[in-house]
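Please open the model in a viewer and keep the sequence panel visible. The tour proceeds by selection, one stop after another.

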Amino acid sequence: MNNLNQVFDELTALLEQNGVASDAAEIQGILTGMLAGGMATDSKEWMAALADFTNQGEPLPGEVKIAIQALYDTTCQQLQAADFLLNLCLPDDAAPINDRGQGLVNWVQGFMLGFGLHQADLSRCSDDAKEALEDFAEIARMDEEMPDNEDSEQALFEVMEYVRMSAMLCFNEMGNATVQANKSNKTLH
């Protein structure tokens, strides 16, 4: 599942077929935000929370659960990798620029939602993480059309890379601390 652009298309189509009011970018954003906010990677609570926000509280259909579980597993592996591997689940680079921009906005909105579910205390955040979250709030409000030109492409790429690195920063500060604390607690017993 390394090609998350293909996953975006397939999962978004599956969500749409099943009447789930979300796309793959928002789903991965919510999951990443929950993890970055401190939810343990082995938590099972996220599926019900995801259904609450994306499917009017109804359980997600089986095939949707399977596809989202695969995305969750990949996202966890990437966040925990030592080489800053996180790939955002967004429309393919060949998609129109405004579709990719909207995908990024959906991802960031999802991240903010998921993060807020698990992290209310920002006093533990570094200044860099706080600034990133403030920037995410600005990105989440973006709604203007982008001209299809080289400058817009470059700007979108830079914002995507900033979002990717900032999400990993938040995970390493608040999410990873939970992973490490859980490992330490298991070792002590």
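The stops below begin with aromatic rings, pass through the core and end at a helix. The model is a predicted one, and the values quoted were computed from it.

**First stop: the aromatic rings**

A search of the whole structure finds four aromatic pairs. Select W107 and F111: their rings are stacked, 5.7 Å centre to centre, with 15° between the planes. Both residues belong to helix α5 (residues 97–118), where a spacing of four residues separates W107 and F111 by about one helical turn. An α-helix has 3.6 residues a turn, so residues three or four places apart point the same way. W107 counts as buried because its relative accessibility is 0%, and F111 is likewise buried, at 0% relative accessibility.

Add F115 to the selection. The rings of F111 and F115 also form a stacked pair, with centres 5.8 Å apart and planes at 15°. F111 and F115 are again four residues apart in helix α5, about one turn of the helix, and both are buried. Then add F136, since ring pairs link W107, F111, F115 and F136 into a cluster.

**Second stop: the surroundings of F111**

Which residues is F111 in contact with, leaving aside its neighbours within four places in sequence? Select G29, I30, T32, G33, A36, L133, F136, A167 and C170 to display these contacts.

Now widen the view to the largest nonpolar core, which has 52 residues. W46, I68, W107 and F111 are those with the most contacts inside this core. The elements that give two or more residues to the core are α1 (4–17), α2 (24–36), α3 (46–54), α4 (62–80), α5, α6 (127–140) and α7 (150–188). In soluble globular proteins, nonpolar side chains tend to be buried together.

**Third stop: helix α2**

Select α2, which is mostly covered: 12 of its 13 residues are buried. Among the buried residues of α2 are G29, I30, T32, G33 and A36, which F111 also contacts. The end C-alpha atoms of α2 are 18 Å apart, in agreement with the 18 Å that its 13 residues should span at 1.5 Å a residue.

Move next to the N-terminal end of α2, where D23 acts as a cap: one of its side-chain oxygens lies 3.2 Å from the backbone nitrogen of A25. Finally, select G38, just after α2, which takes a positive phi of about 120°.

Note on methods. Residues numbered from 1 in each chain as written. Predicted model: local features only at pLDDT ≥ 70, side-chain atom pairs only at ≥ 80, totals over all residues. Heavy atoms only, no water. Phe/Tyr/Trp six-rings, centres within 6.5 Å; stacked < 30°, edge-to-face > 60°. Buried < 20%, exposed > 50% of the residue type's maximum accessible area, 1.4 Å probe, protein only. Core = buried A, V, L, I, M, F, W, Y, C linked by side-chain atoms within 4.5 Å. Contact = heavy atoms within 4.5 Å. Expected span 1.5 Å × (residues − 1). Polar contact = N/O pair within 3.5 Å; in protein donor to acceptor, adjacent residues only side chain to side chain.
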